[in-house]
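This report introduces a protein chain to a reader who has not met it before. Please look over the sequence and the model before reading on.

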Amino acid sequence: MEPRPVDYERLRELLSAERLGSYLTASDGELEQAFALYEWNIEAAAAALSLTAMVEVVVRNALDSQMTSWAAGRPTADWLATAPLDGRGRADILKAKERAARGGRQVTHGHIVAELNLGFWRYLVSRRYYASLWVPNLRHAFPRTDAPANQHRRRVESDLEQLLYLRNRAAHHEPIHRRDLMADLERAIALLACIDPEAARWCRQRETVSAVALRRPARRRDREDQ
């Protein structure tokens, strides 16, 4: 028995015109094609979240390791308490501590680090900390480069900023069908390669972005031109 065809007109109402707007525009107003693109966007978002998850954990651990070395021998050896961060950085750490303590759990350094989001780590490599943290310390979290310190910092920050944007769009079910996902993939691999080639190799072997990108639905006019 054939399954009953999906009623896309009904689904249009359930998802809202605003939600489908960019998909309809990209599909020249063809509703069924817009839904094919919407469904592909769900797949692409899952692949993007997988990619950014691989990057985020490796990056935060590399930065945490460098900051831990920076704090070694100081009166308070936990850099989360002693690092020269501004109000935003301190607020992020306080919120992470509060999240880590939920349920009455005894909070450790690792718990707090795990609760700090990718935005915090991107902020940690920003220009405001160039002299105080990047030059003497954080650049060593990304040692595999021949670029000058300032150029390298800008590239790391830019890559993290783009991956953060991608992750947030994907996590909130926003359209990413207009992004160059293959550029995002190469950005992620390049960032990991600066930390350790093995991390880049792992990402390249396990990522699903490239396979999903190949399955992106073509518009009818594009298919007819082939």
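The text below turns to salt bridges and then to the packing of a pair of helices.

The model is a predicted one, and within it 14 salt bridges are found. As general background, side chains of opposite charge can pair when their charged atoms come close. Three of these pairs are set out in the table, with the separation of their closest N and O atoms.

| Salt bridge | N to O distance |
|---|---|
| Arg99 and Glu115 | 3.3 Å |
| Arg187 and Asp159 | 3.7 Å |
| Glu198 and Arg201 | 2.2 Å |

The pair in the top row, Arg99 with Glu115, links distant parts of the chain, since Arg99 belongs to helix 5 (residues 87-100) while Glu115 belongs to helix 6 (residues 109-115), and the two are 16 residues apart. Arg99 is partly exposed, having a relative accessible area of 25%, and Glu115 likewise counts as partly exposed, at 26% relative accessibility.

In the pair formed by Arg187 and Asp159, Arg187 sits in helix 10 (residues 181-195) and Asp159 in helix 9 (residues 149-171), so that this salt bridge ties together parts lying 28 residues apart in sequence. Both Arg187 and Asp159 are buried, which means that each has under 20% relative accessible area. The two residues also take part in a network of salt bridges, in which Arg155, Asp159, Arg179, Asp184 and Arg187 are linked.

The remaining pair in the table stays inside one helix, for Glu198 and Arg201 both lie in helix 11 (residues 197-206), 3 residues apart, or about one turn of the helix. Glu198 is partly exposed with a relative accessibility of 48%, and Arg201 is partly exposed as well, with a relative accessible area of 40%.

The packing of helices comes next. Two packed helices are described by the angle between their axes and the distance between the axes. For helix 2 (residues 17-26) and helix 3 (residues 31-71), the axes come within 8 Å and cross at roughly 115°, so helix 2 is roughly perpendicular to helix 3. The crossing of helix 2 past helix 3 is right-handed. On the side of helix 2 the contact is made by Arg19, Leu20, Tyr23, Leu24 and Ala26, and on the side of helix 3 by Leu31, Ala34, Phe35, Leu37, Tyr38 and Asn41. Sorted by character, the residues of this contact comprise 9 nonpolar, 1 polar and 1 charged.

Note on methods. Residues are numbered from 1 along each chain as its sequence is written. This is a predicted model: local features need pLDDT of at least 70, side-chain atom pairs count only at pLDDT 80 or more; totals for chains, interfaces and linings use all residues. Side-chain values use heavy atoms; hydrogens and water are left out. A salt bridge is a side-chain nitrogen of Lys or Arg within 4 Å of a carboxyl oxygen of Asp or Glu. Helices (H or I, at least four residues) and strands (E, at least two) are DSSP runs, numbered from the N terminus. Buried means under 20% relative accessible area, exposed over 50%, partly exposed in between (1.4 Å probe, protein chains only). Axes are lines fitted to C-alpha atoms, for helices over the stretch in contact, and angles run from 0 to 180 degrees between N-to-C directions. Angles under 35 degrees count as roughly parallel, over 145 as roughly antiparallel, 65 to 115 as roughly perpendicular and the rest as oblique. A crossing is left-handed if the near helix is turned anticlockwise from the far one by less than a right angle, and right-handed if clockwise. Contact means heavy atoms within 4.5 Å. Ala, Val, Leu, Ile, Met, Phe, Trp, Tyr, Cys and Pro count as nonpolar, Asp, Glu, Lys and Arg as charged, and the others, Gly among them, as polar.
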